[in-house]
Each structure stands twice: as structure tokens, then as C-alpha cells.
Amino acid sequence: MSSVSNEFFNLIPQSQKENLLPIAFMETANVIKEYITASRIGEDVHWVCDSAPGHGKTTALKQVLMKECREPLLIVFNNRDTMRSFYNSVFQYYKEEIGATNIIQYVDADNLDSVTESLSGYLFVCITQQRLRDLAIGMGNKNVYMSYQAQEGMNRRLKKRQLIIDEMPIFFNDCEFDISEENNSVAWFDELAKSSDLEEFEAQSARITIMSLIVNELKSKVQPSTMRLIRTIEGSKEEMNLRNALGKLTKNCDSPTLLRQFEWFLKLLDEDGSGYIDRQRGLQKILCSVRIDYRKLGSVLILDGSSPYSKILYNNEYQFIEMENYHDYSRLFVHWRDINTNLDARRSPSKGVQQAISDDIKLLRDNEYDVFPLMHKGDTKDYLNSGVITSDQAKLFNERESDNDLPLNLLNTVGKNVLSGYDSLALLNLPIRYPVYYKKIAIGIYGTDIDLSMAEKGIGRWFQDIRVEQIYNECLISELIQIIHRSGLRNVTATSDVNIFIYSKSEQVVKRLSESLNVPSDNFTTTKLNNNSLYGFGEKCREWAVKTREFCLKHESDFNNTLHLARKVGGRPFKEWLNSNWVKAERRRTIEQEFSNMGLIIQVEKNGYKKIGLA
């Protein structure tokens, strides 16, 4: 293929060209074309193109397919909506230009049964990253997706597809086993047993054995790496019954998740070191993870603009094609809001963190910042109620754009193009995932012979093992960079200032982000926010004080003693509220003040009982 020219860029519809920089687009298109050529004429190549967000990766790929490519491709997307949008554009082009409707096809749960047998007749096939992962680990016939039946004269021959992946793929085949509801060690078995040829007594017996093996392993191990679970019943009738039951389980299942859990249990059963026993905050679970090597499928091109910041995850397996980043980061302003927004602080009943942030967002809007807030999905309701999320923005947090799309939140901004219309984003906490997420990545890369424990407080990092800490840091910075490039910063031809407000106690993370993007030091600001733990507490005090005064006035003549036990006044809810807050000096003073304002006194007896009456 020849290199891309200005003429190639001019073929793009005008509506798509507005925010594209021609040179950035053409350089990306050239890499795609060079990859296709290199794969066709030589050995397999494995590339990662780090073309930055907003440089037109998807548009370039689309144009190459529509204008020049005649090589069979398997194209992979990170969500179904992006896949369908891409498919529709290419399909309509070929239909209108040459009347062809058999050039491109997509595969998802809706059309899987109807298109599978004919996939080899399409030049381009589109799937999601989840389907690619399942094919790569042996769930499904990958040859159906990787083979193209080429017409050569009167003959047809099979050609292998080249693989192009939009965004970093799912690199890990992982799962968890514990004895909780969420990752119950037998839930997978129960589901598979429903459609299997198992007698009820066989299923019950196997279920009990599986649970027992998991529980015994969680209890008995001192070292974190698991040993063969079967060892405790090996050679017994119990083992024979279990293996017979497992052999009868159906493999014809629509849920790849269940099948992955089944496969992982079989490994835990017979292979030492297959899992890692994670003990954290009194909870125990077995973590399983292995890295997926997509190179085994043949040539691979990954289009990942955040790859320079997450190279550990690529594990030195790919050649990086380094691209020029044409973003002007001098127009980016990073504003650090110094406030503790970790999970414990955000879950405090006082809602002090949320109130402090709400007040700050209101102030920003009063100063004409059109701020779009992003938060953990568990905090969405609080910020809807406080007005941080405006009525115009609310539908994006409450509605799915499609049946397979997830509502917007801090950890789900991919494909949310509406954000590019905002020059101000507020990240109301850092996009940090639960520790187990980073631990499973570490197992997938380094195996189970690794320390996954959390670091002691004050040590300056989250994980004890520096390798796990590096994974966490790379994932966090990569997430942050992807999020802020969803804003107006994505529009590479724009010149307007972009303001990112980050609410966190971690100055180190915010500064590392700024340094990664070479943000000028003058564009970095710091504002200390006070988390008043009494936010909203005074209002609750006044609510109880009003109810208490009404009770006291109503029963003033009914009792010889004008002091009433808290339980008599408001039942157990009031008694527990008063007792739990009374032990905190600052809250006790607030209670006394608010009740005094309502003409009430609180008397504490020697036995600790609290009585309340009219002053």
C-alpha cells in the first residue's frame, strides 16, 4: 500500500474533519497501512500504535478499510456500540459505492447464531474485546473468526485474517473463588448443573465436595499459593463421585464467565500454584489469573493512545510504534482540590466530603466554569441530590445509551463522546479500583509466587511489593489520561483552555499526571478544601430536637418525672443515634447546643442512660 496523502484526508466527510489534525490522522493511517502490508508479505508482526486520543485512530482505520484495504481483517472493539457504529459506516459505504453487502459483518449476542456459518465470506469481521478474549482462551472456534475464503479466479482458498484491536485488549483470564454471595465457589456449578444430565443427589454431593475443598484450602494454607485441591480426597469414593459429576457438566453454555470458572476450578483441583489465597481485612478468597497471549493468533496491531503510560501491561511482548503527540498541553490546567476522597471518607454518614465538594462545584459554576462532574457510581445519587449533577447532565448518569451500554461514571467514560463538548471536568475522586483488580493483574504477569499484601500505613505506597505498586500506578495514570482526553482536550485543533479539577488527598498522583503530559508548572493550582464531618449533622440534630420537644410537650402532664428516656422519645432509632454520636466530643457539643436551642436538657444517669426533658 502507498502512504497516505492529503487527498486521502480530503475523502473524509466534512463533519468528521472538523476536529481532526490532517498530519496526525495521516500518520496514524500510514501505520495501519504499513502493518497490513508487513503482515501480508512477511512473518507475523505484533505492534502497538500509541497515536494519542483525538488523533483519529478509529477514523483512520475506517478510511483505510473503505479506500484501500483488500486484506482480510478481524477488527476488535472495546464495546458493542462503537463496533456497530464502525460497521454501519463501512457497510453503508460499500453498499452505496459498489452495491456490495458482503464486505463487512459484526458479531454479537443478537446475531451470533445467524452469521457464524457465513463469516468466512466477509472481508472484514468485527467483534468485541470480550469475544476475542474468549476465543483466545479456547472458548469458541477461533478458526471461524480468523479464516477468510478468498476468491482467486475460479478457485477459493482460506486466508488468515490479520488482527486489529481498538484500545488495549483484555489481557487477563481471571476469576475468584470465595464463600460469599458474589463469587460463591459453587454458583458456577449450580448454573451448569441445571442444564446437565445430573441426578439431584449427584449434584448435591458434588456441590458439598466443591465447597468443602475451597473452604479447607482457605483455612489450611499458610503460604499464599494454592496446592492441588484434590489432594485431601485423592483416591477416595468422594473423588470418583466428584469427577463423574464434573464430567457430566454441560459445556454448551451461553455464559463464558461460568465456563471460565469451571476451567479454573479444574486447574485448582489438579495443579499446584494455580491460585493465590488473598487474605485482606478478615476476608479470604482464591484469586486466579493468567496472561492472554494474543500473538498466538497471528499478526496483531493494537491502537492504544494510553500505551506509553501502561507498558508493564504489555509485558515486553509488542513492538511500540511511537507517534507524535500533537496536543497542545499548554492549554490544559490541572487544579488539585486537596481533600480526602477515599472510600471510607466518602461513605461517612455525615456526607462531609460530598458537601464540601458540592459547595466547591457551585462556586466554580458561579465563576462561569461549565463543569461536568465524574464520580464513582456509588456516589451518583448523592451528587444528583446535591445538584452537582445538573438536570441536563442527569440523564447521562441514569440512562444507558443502549441495552449493552453502562451508565456514565468515573470508570466508564469510554465512548462517551458527549464529554468532548466540555472544557471543564471535575473528577470527584480518583479512578481507583478495588485492590483485587491490581492483584489479579500481578498474578497474571508474575505468577502466584508474589506478595500481594497491602503496605503498612505511612510507608508511602498502597502495596507491599513494588511490582504490584507499579501496576497500580500505571493503571491509575493511564485511567486519568484517558478520562481527561474525553474532555474538550480531545479536540486537537481547538485552542480553548481546558480545566481539570481533581479532588483527592494524593498530591503525588496529581503531580505525576501533570508531569506525564508536560503541563506547564504555572498551569497547576492547589486549593485546600475542608471536610467538615458535621455537614448535615446539625440538621439531623434539629430534626430529633423538634420531635423530642413535641413528645415532651405532649406528655408533660402524664408523668411525675419530666425527664424521658431516649428510647421512650424516639424508639430504638433515636436511642442508637444518640448513643453512637454522644461518644464523639464534637458531635456531643452539637447535640447539646441544638437541643438547648429547642428548650431541652439532656441528663446522663450514672448507668449511662440518657434522659431528656424541657428545660
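# A guided tour of the predicted model

Begin by selecting Asn518, which sits in the loop that runs between α19 (507-516) and β17 (524-528). Helices (H or I, at least four residues) and strands (E, at least two) are DSSP runs, numbered from the N terminus. The structure is a predicted model, in which local features need pLDDT of at least 70 and side-chain atom pairs count only at pLDDT 80 or more, while totals for chains, interfaces and linings use all residues. Residues are numbered from 1 along each chain as its sequence is written, and side-chain values use heavy atoms, with hydrogens and water left out.

Is Asn518 buried or exposed? Asn518 counts as exposed because its relative accessibility is 64%; buried means under 20% relative accessible area, exposed over 50%, and partly exposed in between (1.4 Å probe, protein chains only). Add Asp108 to the selection: 410 residues separate Asn518 and Asp108 in sequence, and their C-alpha atoms are 41 Å apart in space.

## The nonpolar cores

Next, select Leu332 and Tyr503. These are the residues with the most contacts inside the largest nonpolar core, which has 92 residues. Helix α18 (residues 466-484) gives the most to this core, contributing ten residues. A nonpolar core is a set of buried Ala, Val, Leu, Ile, Met, Phe, Trp, Tyr and Cys residues joined through side-chain atoms within 4.5 Å.

Keep Leu332 in view and display its surroundings. Not counting residues up to four places away in sequence, Leu332 touches Ile484, Leu489, Val498, Ile500, Leu517, Val519 and Asn523; contact here means heavy atoms within 4.5 Å. Another core, of 44 residues, lies apart from the largest one, and Ala60, Leu73, Tyr94 and Leu123 are among its members.

Move to Leu480, whose place is in helix α18. Leu480 counts as buried, since its relative accessibility is 1%. Which residues is Leu480 in contact with, leaving aside its neighbours within four places in sequence? They are Leu427, Leu430, Pro431, Val509 and Leu513. Of these contacts, Val509 is 29 residues from Leu480 in sequence and 9.7 Å from Leu480 in space, C-alpha to C-alpha.

## Two further buried residues

Select Thr413, in the loop between α16 (391-398) and β15 (424-427). With a relative accessibility of 6%, Thr413 counts as buried. Its contacts, leaving aside neighbours within four places in sequence, are Leu374, Leu408, Leu419, Ile483 and Arg486.

Then select Arg133 in helix α7 (residues 129-136). Arg133 also counts as buried, at 13% relative accessibility. Beyond residues up to four places away in sequence, Arg133 touches Ile170, Phe172, Arg260, Ile292 and Tyr294.

## Salt bridges

A salt bridge is a side-chain nitrogen of Lys or Arg within 4 Å of a carboxyl oxygen of Asp or Glu. How many salt bridges does this rule give? The count comes to 36.

Select Glu71 and Lys159, whose side chains meet in a salt bridge of 3.3 Å, N to O. Glu71 lies in the loop between α4 (57-67) and β2 (73-77) and Lys159 lies in strand β6 (residues 155-160), so the pair ties together parts that are 88 residues apart in sequence. Glu71 is buried, with a relative accessible area of 13%.

Turn to Lys439 and Asp278, where the closest N and O atoms of the salt bridge are 2.8 Å apart. Because Lys439 belongs to helix α17 (residues 435-446) and Asp278 to strand β9 (residues 276-280), this pair ties together parts 161 residues apart in sequence. Both Lys439 and Asp278 are buried.

Now select Glu594 and Arg542, a salt bridge with its closest N and O atoms 3.1 Å apart. Glu594 is in helix α22 (residues 585-597) and Arg542 in helix α20 (residues 537-554), so the pair ties together parts that are 52 residues apart in sequence. Glu594 counts as buried at 14% relative accessibility, whereas Arg542 is partly exposed, with a relative accessible area of 42%. For a network, select Asp174, Glu176, Asp178, Lys285 and Lys440, which are joined into one by salt bridges that share partners.

## Paired strands

Finish with strand β20 (residues 610-614), which pairs with strand β18 (residues 564-565) in the antiparallel sense over two bridges. Two strands pair if DSSP finds at least two bridges between them. Opposite His564 stands Ile612 in β20. Strand β19 (residues 600-604) also pairs with β20 in the antiparallel sense, over five bridges, and Gln603 stands opposite Lys611 in β20. The hairpin of β19 and β20 has five residues between the strands, and in this hairpin Gly608 takes a positive phi near 95°.
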